[in-house]
Amino acid sequence: AQTAAGCAIVPMIVTACVTVTHISVGLLEAAVPAGPRFALLALIYAEAVVAFLCLAGVLWGDPGIVRRSRETCLPLPEEVRRRLECGESLHSLTSNIDA
């Protein structure tokens, strides 16, 4: 669901931004020289490319998953152990990392 949403929302936002920029550049045609108008279009297309590259990175990049093992899971913090043994919720714990 999140992947589908990202694949739908990013192109919609990019399309809206490119469309608004094109309309704005068209309206400025008589008042603004060609150089700045071209720069606006080049910038919006560069931003569109960056947006799609970021989307691709999120979709296909390495998420950096930490595999479970004794080294990554233990020792179990005492408060977490106590709550698990008592069947209590862990939602109220804000952090189990000693700083």
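# Two helices and their contacts

Author: Thr19 is found in helix H1. The model is predicted: local features need pLDDT of at least 70 and side-chain atom pairs count only at pLDDT 80 or more, while totals for chains, interfaces and linings use all residues. Residues are numbered from 1 along each chain as its sequence is written, and side-chain values use heavy atoms, with hydrogens and water left out.

Reader: What makes a stretch such as H1 a helix here?

Author: Helices are DSSP runs of H or I with at least four residues, strands are runs of E with at least two, and both are numbered from the N terminus. H1 has 26 residues.

Reader: Why is Thr19 called partly exposed?

Author: Its relative accessibility is 37%. Buried means under 20% relative accessible area, exposed means over 50%, and partly exposed is in between (1.4 Å probe, protein chains only). The value of 37% therefore makes Thr19 partly exposed. From Thr19 to Ile44, 25 residues apart in sequence, the C-alpha distance is 9.7 Å.

Reader: Thr21 lies in helix H1 too. Why is Thr21 classed as it is, buried or exposed?

Author: Thr21 has 15% relative accessibility, which is under 20%, so it counts as buried. Apart from neighbours within four places in sequence, its contacts are Leu40, Leu41 and Ile44. Contact means heavy atoms within 4.5 Å.

Reader: Which residues of H1 are buried, and what do they pack against?

Author: Val14, Val18, Thr21 and Val25 are the buried residues of H1, and the buried residues of H1 pack against H2. On the side of H2, the buried residues are Arg37, Leu41, Ile44, Ala48 and Leu55. Their cover includes H1.

Reader: How do you know how H1 and H2 run relative to each other?

Author: Two packed helices are described by the angle between their axes and the distance between the axes. The axes of H1 (residues 2-27) and H2 (residues 34-60) come within 10 Å and cross at roughly 180 degrees. That makes H1 roughly antiparallel to H2. Angles under 35 degrees count as roughly parallel, over 145 as roughly antiparallel, 65 to 115 as roughly perpendicular, and the rest as oblique. The axes are lines fitted to C-alpha atoms, for helices over the stretch in contact, with angles from 0 to 180 degrees between N-to-C directions.

Reader: Which residues of H1 and H2 meet?

Author: From H1 they are Thr3, Gly6, Cys7, Val10, Pro11, Val14, Cys17, Val18, Thr21, His22 and Val25, and from H2 they are Arg37, Leu40, Leu41, Ile44, Tyr45, Ala48, Ala51, Phe52, Leu55 and Leu59. The residues of this contact divide into 16 nonpolar, four polar and one charged. Ala, Val, Leu, Ile, Met, Phe, Trp, Tyr, Cys and Pro count as nonpolar, Asp, Glu, Lys and Arg as charged, and the others, Gly among them, as polar.

Reader: How do the spans of H1 and H2 stand against the expected values?

Author: The expected span is 1.5 Å times one less than the number of residues. H1 reaches 37 Å from its first C-alpha to its last, close to the 38 Å expected. H2 has 27 residues and reaches 39 Å, close to the 39 Å expected.

Reader: What makes Ala51 partly exposed?

Author: Ala51 lies in helix H2. At 24% relative accessibility, Ala51 falls between the two cut-offs and so counts as partly exposed. Leaving aside neighbours within four places in sequence, Ala51 is in contact with Val10 and Val14. Its C-alpha is separated by 9.5 Å from that of Ile13, 38 residues apart along the chain.

Reader: How many disulfides are there, and why does Cys7 form no bond with Cys54?

Author: A disulfide is a pair of cysteine sulfur atoms within 2.5 Å, and by this rule the count comes to zero disulfides. The sulfur of Cys7 is 14 Å from the closest cysteine sulfur, in Cys54, which is too far for a bond.

Reader: Why do Cys7 and Cys86 get the exposure labels they have?

Author: Cys7 has a relative accessible area of 37%, so it is partly exposed. Cys86 has 51%, which is over 50%, so it is exposed. Cys7 is found in helix H1; beyond neighbours within four places in sequence, it is in contact with Leu55 and Leu59.

Reader: Where is Pro75, and what is the peptide bond before it?

Author: Pro75 is in the loop between helix H3 (70-73) and helix H4 (78-86). The peptide bond from Leu74 to Pro75 is cis, with omega near 5 degrees.
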